[in-house]
Amino acid sequence: MQTEEFYRAKMSEIEKHRLKVQEELKRLREYAEKHKEARKKSNMKAKKLLQEIRELRKKRQREVEEIKEIKEELKKIKERIRVLSEEIKSRSGKESAIREKRVRERIEELEWVIQTNPLPLEKENMLVKEIARLEGEVEIWEKLKKMREEIGELKKRRQKILDEIRQKSEGIALLDEKISELQEKMMEFRDQAEQAHKNFLEVFGKIVEKENELVKLEDEETVYRRLYNKALKKRKEEEEGKKKRMMKERAAAIREKLKRGERVSIQELKLVFLEEL
(Lines give C-alpha, C1' and ligand atoms only; values in the text may rest on other atoms or scores of the structure.)
Protein backbone atom coordinates (compact mmCIF):
# COMPACT_ATOMS: atom_id res chain seq x y z
CA MET A 1 0.00 0.00 0.00
CA GLN A 2 1.21 3.49 -0.91
CA THR A 3 1.61 6.36 1.52
CA GLU A 4 -0.89 9.06 2.34
CA GLU A 5 1.21 11.57 0.41
CA PHE A 6 1.00 9.42 -2.72
CA TYR A 7 -2.80 9.19 -2.53
CA ARG A 8 -3.10 12.88 -1.64
CA ALA A 9 -1.00 13.77 -4.66
CA LYS A 10 -3.15 11.52 -6.88
CA MET A 11 -6.35 13.13 -5.58
CA SER A 12 -4.89 16.58 -6.19
CA GLU A 13 -3.91 15.58 -9.72
CA ILE A 14 -7.38 14.13 -10.39
CA GLU A 15 -9.04 17.25 -8.91
CA LYS A 16 -7.09 19.51 -11.27
CA HIS A 17 -7.97 17.28 -14.22
CA ARG A 18 -11.61 17.13 -13.13
CA LEU A 19 -11.84 20.93 -12.89
CA LYS A 20 -10.32 21.21 -16.34
CA VAL A 21 -12.84 18.71 -17.75
CA GLN A 22 -15.70 20.57 -16.06
CA GLU A 23 -14.50 23.81 -17.63
CA GLU A 24 -14.33 22.12 -21.03
CA LEU A 25 -17.83 20.72 -20.46
CA LYS A 26 -19.14 24.19 -19.68
CA ARG A 27 -17.59 25.55 -22.86
CA LEU A 28 -18.91 22.64 -24.96
CA ARG A 29 -22.41 23.03 -23.53
CA GLU A 30 -22.34 26.73 -24.42
CA TYR A 31 -21.30 25.81 -27.98
CA ALA A 32 -24.03 23.18 -28.15
CA GLU A 33 -26.61 25.72 -26.99
CA LYS A 34 -25.43 28.21 -29.64
CA HIS A 35 -25.73 25.59 -32.40
CA LYS A 36 -29.13 24.57 -31.04
CA GLU A 37 -30.31 28.19 -31.05
CA ALA A 38 -28.91 28.73 -34.56
CA ARG A 39 -30.77 25.62 -35.75
CA LYS A 40 -33.98 26.87 -34.15
CA LYS A 41 -33.70 30.33 -35.75
CA SER A 42 -32.91 28.91 -39.19
CA ASN A 43 -35.83 26.48 -38.96
CA MET A 44 -38.17 29.30 -37.91
CA LYS A 45 -37.04 31.45 -40.85
CA ALA A 46 -37.46 28.50 -43.24
CA LYS A 47 -40.92 27.81 -41.80
CA LYS A 48 -41.94 31.45 -42.23
CA LEU A 49 -40.79 31.43 -45.85
CA LEU A 50 -42.63 28.16 -46.46
CA GLN A 51 -45.83 29.80 -45.24
CA GLU A 52 -45.24 32.75 -47.60
CA ILE A 53 -44.62 30.33 -50.47
CA ARG A 54 -47.87 28.48 -49.72
CA GLU A 55 -49.81 31.76 -49.71
CA LEU A 56 -48.24 32.79 -53.03
CA ARG A 57 -49.04 29.38 -54.52
CA LYS A 58 -52.65 29.75 -53.43
CA LYS A 59 -52.75 33.20 -55.04
CA ARG A 60 -51.17 31.77 -58.20
CA GLN A 61 -53.75 28.98 -58.30
CA ARG A 62 -56.55 31.53 -57.98
CA GLU A 63 -55.09 33.51 -60.88
CA VAL A 64 -54.84 30.34 -62.99
CA GLU A 65 -58.46 29.45 -62.23
CA GLU A 66 -59.58 32.96 -63.12
CA ILE A 67 -57.72 32.74 -66.43
CA LYS A 68 -59.48 29.44 -67.15
CA GLU A 69 -62.85 31.07 -66.48
CA ILE A 70 -61.97 34.09 -68.61
CA LYS A 71 -60.80 31.83 -71.44
CA GLU A 72 -64.15 30.04 -71.34
CA GLU A 73 -65.86 33.41 -71.78
CA LEU A 74 -63.41 34.24 -74.58
CA LYS A 75 -64.25 30.97 -76.27
CA LYS A 76 -67.96 31.80 -76.16
CA ILE A 77 -67.31 35.29 -77.51
CA LYS A 78 -65.27 33.92 -80.43
CA GLU A 79 -68.00 31.43 -81.22
CA ARG A 80 -70.67 34.17 -81.11
CA ILE A 81 -68.60 36.39 -83.43
CA ARG A 82 -68.17 33.48 -85.83
CA VAL A 83 -71.91 32.74 -85.88
CA LEU A 84 -72.83 36.41 -86.38
CA SER A 85 -70.18 36.87 -89.08
CA GLU A 86 -71.44 33.87 -91.03
CA GLU A 87 -75.04 35.06 -90.75
CA ILE A 88 -74.06 38.57 -91.92
CA LYS A 89 -72.09 37.09 -94.79
CA SER A 90 -75.03 34.95 -95.86
CA ARG A 91 -77.47 37.91 -95.83
CA SER A 92 -75.38 40.80 -97.03
CA GLY A 93 -75.31 40.02 -100.76
CA LYS A 94 -77.58 42.90 -101.77
CA GLU A 95 -76.78 45.16 -98.91
CA SER A 96 -75.43 48.65 -99.48
CA ALA A 97 -76.02 52.09 -98.00
CA ILE A 98 -77.28 53.44 -101.33
CA ARG A 99 -79.73 50.59 -101.81
CA GLU A 100 -81.01 50.94 -98.26
CA LYS A 101 -81.63 54.64 -98.84
CA ARG A 102 -83.44 53.98 -102.09
CA VAL A 103 -85.58 51.27 -100.54
CA ARG A 104 -86.58 53.53 -97.67
CA GLU A 105 -87.43 56.31 -100.16
CA ARG A 106 -89.46 53.85 -102.25
CA ILE A 107 -91.40 52.78 -99.16
CA GLU A 108 -92.23 56.41 -98.42
CA GLU A 109 -93.31 56.98 -102.05
CA LEU A 110 -95.60 53.96 -102.04
CA GLU A 111 -97.10 54.88 -98.69
CA TRP A 112 -97.71 58.44 -100.02
CA VAL A 113 -99.39 57.08 -103.13
CA ILE A 114 -101.69 54.90 -101.05
CA GLN A 115 -102.53 57.74 -98.68
CA THR A 116 -103.15 60.45 -101.34
CA ASN A 117 -104.65 58.59 -104.27
CA PRO A 118 -107.84 56.60 -104.57
CA LEU A 119 -106.68 53.26 -105.91
CA PRO A 120 -108.41 50.15 -106.99
CA LEU A 121 -108.31 47.50 -104.30
CA GLU A 122 -106.14 45.19 -106.37
CA LYS A 123 -103.66 47.99 -107.04
CA GLU A 124 -103.61 49.00 -103.37
CA ASN A 125 -103.05 45.41 -102.25
CA MET A 126 -100.20 45.10 -104.69
CA LEU A 127 -98.57 48.27 -103.32
CA VAL A 128 -99.06 47.08 -99.72
CA LYS A 129 -97.35 43.79 -100.57
CA GLU A 130 -94.50 45.68 -102.20
CA ILE A 131 -94.14 47.88 -99.11
CA ALA A 132 -94.10 44.78 -96.91
CA ARG A 133 -91.42 43.18 -99.08
CA LEU A 134 -89.28 46.31 -98.99
CA GLU A 135 -89.79 46.66 -95.23
CA GLY A 136 -88.62 43.04 -94.91
CA GLU A 137 -85.39 44.04 -96.63
CA VAL A 138 -85.05 47.03 -94.30
CA GLU A 139 -85.71 44.77 -91.30
CA ILE A 140 -82.92 42.46 -92.44
CA TRP A 141 -80.57 45.42 -92.81
CA GLU A 142 -81.53 46.62 -89.33
CA LYS A 143 -80.86 43.17 -87.98
CA LEU A 144 -77.51 43.04 -89.77
CA LYS A 145 -76.69 46.46 -88.37
CA LYS A 146 -77.43 45.25 -84.83
CA MET A 147 -75.34 42.14 -85.50
CA ARG A 148 -72.41 44.30 -86.57
CA GLU A 149 -72.85 46.48 -83.47
CA GLU A 150 -72.93 43.34 -81.34
CA ILE A 151 -69.77 42.06 -83.07
CA GLY A 152 -68.13 45.41 -82.35
CA GLU A 153 -69.00 45.16 -78.66
CA LEU A 154 -67.89 41.52 -78.57
CA LYS A 155 -64.56 42.44 -80.13
CA LYS A 156 -64.07 45.14 -77.51
CA ARG A 157 -64.86 42.62 -74.79
CA ARG A 158 -62.56 40.10 -76.48
CA GLN A 159 -59.70 42.60 -76.47
CA LYS A 160 -60.39 43.49 -72.85
CA ILE A 161 -60.28 39.79 -71.94
CA LEU A 162 -57.04 39.28 -73.89
CA ASP A 163 -55.51 42.24 -72.03
CA GLU A 164 -56.73 40.80 -68.75
CA ILE A 165 -55.27 37.39 -69.58
CA ARG A 166 -51.97 39.02 -70.52
CA GLN A 167 -51.88 40.99 -67.25
CA LYS A 168 -52.73 37.92 -65.19
CA SER A 169 -50.15 35.83 -67.06
CA GLU A 170 -47.52 38.49 -66.34
CA GLY A 171 -48.66 38.49 -62.70
CA ILE A 172 -48.31 34.70 -62.57
CA ALA A 173 -44.79 34.99 -64.04
CA LEU A 174 -43.89 37.48 -61.29
CA LEU A 175 -45.37 35.15 -58.69
CA ASP A 176 -43.28 32.28 -60.10
CA GLU A 177 -40.15 34.42 -59.81
CA LYS A 178 -41.03 35.40 -56.23
CA ILE A 179 -41.80 31.77 -55.31
CA SER A 180 -38.51 30.62 -56.83
CA GLU A 181 -36.62 33.35 -54.94
CA LEU A 182 -38.26 32.42 -51.63
CA GLN A 183 -37.61 28.71 -52.26
CA GLU A 184 -33.90 29.44 -52.72
CA LYS A 185 -33.82 31.43 -49.47
CA MET A 186 -35.79 28.72 -47.69
CA MET A 187 -33.31 26.06 -48.87
CA GLU A 188 -30.44 28.25 -47.63
CA PHE A 189 -32.02 28.43 -44.18
CA ARG A 190 -32.70 24.69 -44.22
CA ASP A 191 -29.06 24.05 -45.13
CA GLN A 192 -27.99 26.34 -42.30
CA ALA A 193 -30.30 24.49 -39.90
CA GLU A 194 -28.93 21.14 -41.07
CA GLN A 195 -25.34 22.34 -40.63
CA ALA A 196 -26.17 23.72 -37.18
CA HIS A 197 -27.71 20.34 -36.30
CA LYS A 198 -24.57 18.52 -37.47
CA ASN A 199 -22.44 20.90 -35.41
CA PHE A 200 -24.71 20.31 -32.43
CA LEU A 201 -24.40 16.52 -32.77
CA GLU A 202 -20.62 16.81 -33.09
CA VAL A 203 -20.37 18.93 -29.95
CA PHE A 204 -22.90 16.71 -28.17
CA GLY A 205 -20.67 13.71 -28.89
CA LYS A 206 -17.76 15.53 -27.29
CA ILE A 207 -19.97 16.41 -24.31
CA VAL A 208 -20.80 12.73 -23.83
CA GLU A 209 -17.08 11.87 -24.00
CA LYS A 210 -16.24 14.51 -21.43
CA GLU A 211 -19.10 13.48 -19.16
CA ASN A 212 -17.88 9.87 -19.31
CA GLU A 213 -14.36 11.08 -18.59
CA LEU A 214 -15.68 13.11 -15.65
CA VAL A 215 -17.50 10.07 -14.25
CA LYS A 216 -14.30 8.05 -14.60
CA LEU A 217 -12.29 10.74 -12.81
CA GLU A 218 -14.86 10.93 -10.02
CA ASP A 219 -14.70 7.14 -9.68
CA GLU A 220 -10.89 7.27 -9.57
CA GLU A 221 -11.04 10.07 -7.03
CA THR A 222 -13.40 7.98 -4.89
CA VAL A 223 -11.02 5.01 -5.05
CA TYR A 224 -7.97 7.09 -4.14
CA ARG A 225 -9.87 8.85 -1.37
CA ARG A 226 -10.86 5.47 0.06
CA LEU A 227 -7.23 4.30 -0.18
CA TYR A 228 -6.07 7.57 1.36
CA ASN A 229 -8.47 7.17 4.28
CA LYS A 230 -7.35 3.57 4.68
CA ALA A 231 -3.69 4.59 4.68
CA LEU A 232 -4.43 7.43 7.11
CA LYS A 233 -6.27 5.04 9.40
CA LYS A 234 -3.41 2.57 9.23
CA ARG A 235 -0.85 5.27 10.04
CA LYS A 236 -2.90 6.46 12.99
CA GLU A 237 -3.29 2.89 14.19
CA GLU A 238 0.45 2.36 13.88
CA GLU A 239 1.17 5.61 15.72
CA GLU A 240 -1.36 4.69 18.38
CA GLY A 241 0.25 1.24 18.76
CA LYS A 242 3.68 2.73 18.98
CA LYS A 243 2.45 5.23 21.54
CA LYS A 244 0.89 2.43 23.61
CA ARG A 245 4.09 0.36 23.46
CA MET A 246 6.09 3.36 24.57
CA MET A 247 3.64 3.98 27.43
CA LYS A 248 3.81 0.34 28.42
CA GLU A 249 7.58 0.36 28.39
CA ARG A 250 7.65 3.63 30.35
CA ALA A 251 5.11 2.30 32.88
CA ALA A 252 7.14 -0.90 33.34
CA ALA A 253 10.24 1.20 34.04
CA ILE A 254 8.33 3.27 36.59
CA ARG A 255 7.07 0.12 38.30
CA GLU A 256 10.66 -1.09 38.57
CA LYS A 257 11.57 2.18 40.21
CA LEU A 258 8.72 1.70 42.66
CA LYS A 259 9.87 -1.83 43.44
CA ARG A 260 13.33 -0.52 44.15
CA GLY A 261 11.80 2.08 46.45
CA GLU A 262 12.87 4.96 44.29
CA ARG A 263 10.96 8.22 44.24
CA VAL A 264 8.60 8.79 41.28
CA SER A 265 6.74 11.92 40.17
CA ILE A 266 3.01 12.43 40.08
CA GLN A 267 3.12 12.48 36.27
CA GLU A 268 4.86 9.09 36.33
CA LEU A 269 2.18 7.72 38.65
CA LYS A 270 -0.52 9.05 36.28
CA LEU A 271 1.21 7.28 33.41
CA VAL A 272 1.17 3.97 35.29
CA PHE A 273 -2.45 4.47 36.18
CA LEU A 274 -3.48 5.28 32.56
CA GLU A 275 -1.54 2.33 31.21
CA GLU A 276 -3.41 -0.02 33.55
CA LEU A 277 -6.85 1.21 32.32
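## Exercises on a predicted helical model

**Exercise 1. Is E63 buried or exposed, and what does E63 touch?**

E63 has a relative accessible area of 18%. The cut-off for buried is under 20%, so E63 counts as buried. Next, find its place: E63 sits in helix α1. Finally, look for partners beyond four places away in sequence: E63 touches K168 and I172. Keep in mind as you work that this is a predicted model.

**Exercise 2. Work out which helices and strands the protein has, and in what pattern they run.**

Start with the count: there are four helices and zero strands. Then read along the sequence, and you get α-α-α-α. Now pick out α3, which has 139 residues. From its first C-alpha to its last, α3 reaches 196 Å, close to the 207 Å expected at 1.5 Å a residue. Just past the end of α3 comes G261, with a positive phi of about 80 degrees.

**Exercise 3. Set the overall dimensions of the protein against those of a compact globule.**

Take the radius of gyration to begin with. A compact globule of 277 residues would come out near 19 Å, but this protein has 59 Å. Then check the principal axes: the C-alpha trace spans about 200 × 30 × 20 Å. Now turn to the surface. The protein exposes about 21000 Å², and carbon and sulfur atoms supply 52% of that. Buried residues make up 22% of the 277.

**Exercise 4. Find out how contacts in the protein are spread along the sequence, and try one pair yourself.**

Among contacts with a separation of 6 or more, 85% are between residues 24 or more positions apart. For a pair to try, go to K89 in helix α1. K89 and L144 are 55 residues apart in sequence, yet their C-alpha atoms are 9.5 Å apart in space. How accessible is K89? Its relative accessibility is 68% and the cut-off for exposed is over 50%, so K89 counts as exposed.

**Exercise 5. Locate the largest nonpolar core and say which elements build it.**

A bit of background: in soluble globular proteins, nonpolar side chains tend to be buried together. Here, the largest nonpolar core holds 22 residues, and V103, I107, I161 and I165 touch the most other members. The elements giving two or more residues to this core are α1 (4–91), α2 (97–116) and α3 (121–259). The largest share, 12 residues, comes from α3.

Now zoom in on I161. Leaving out residues up to four places away in sequence, I161 touches I70, E73, L74 and I77. Apart from the largest core lies another one, of 10 residues, including I14, L28, V203 and I207.

**Exercise 6. Find the aromatic pair, classify its geometry and compare the accessibility of its two rings' residues.**

The structure holds one aromatic pair. The partners are F200 and F204, with 6.0 Å centre to centre and 20 degrees between the planes. Planes under 30 degrees apart count as stacked, so that is the label for F200 and F204. Where do the two sit relative to each other? They are four residues apart in helix α3, so about one helical turn separates them.

Last step, accessibility. F200 has a relative accessible area of 17%, so F200 is buried. F204 has 42% relative accessibility, so F204 counts as partly exposed.

Terms used:
Residues numbered from 1 in each chain as written. Predicted model: local features only at pLDDT ≥ 70, side-chain atom pairs only at ≥ 80, totals over all residues. Heavy atoms only, no water. Core = buried A, V, L, I, M, F, W, Y, C linked by side-chain atoms within 4.5 Å. Buried < 20%, exposed > 50% of the residue type's maximum accessible area, 1.4 Å probe, protein only. Contact = heavy atoms within 4.5 Å. Expected span 1.5 Å × (residues − 1). Rg over C-alpha atoms; globule rule 2.2 N^0.38 Å. Areas by Shrake-Rupley, 256 points an atom, 1.4 Å probe, with all protein chains shown as cover. Phe/Tyr/Trp six-rings, centres within 6.5 Å; stacked < 30°, edge-to-face > 60°.
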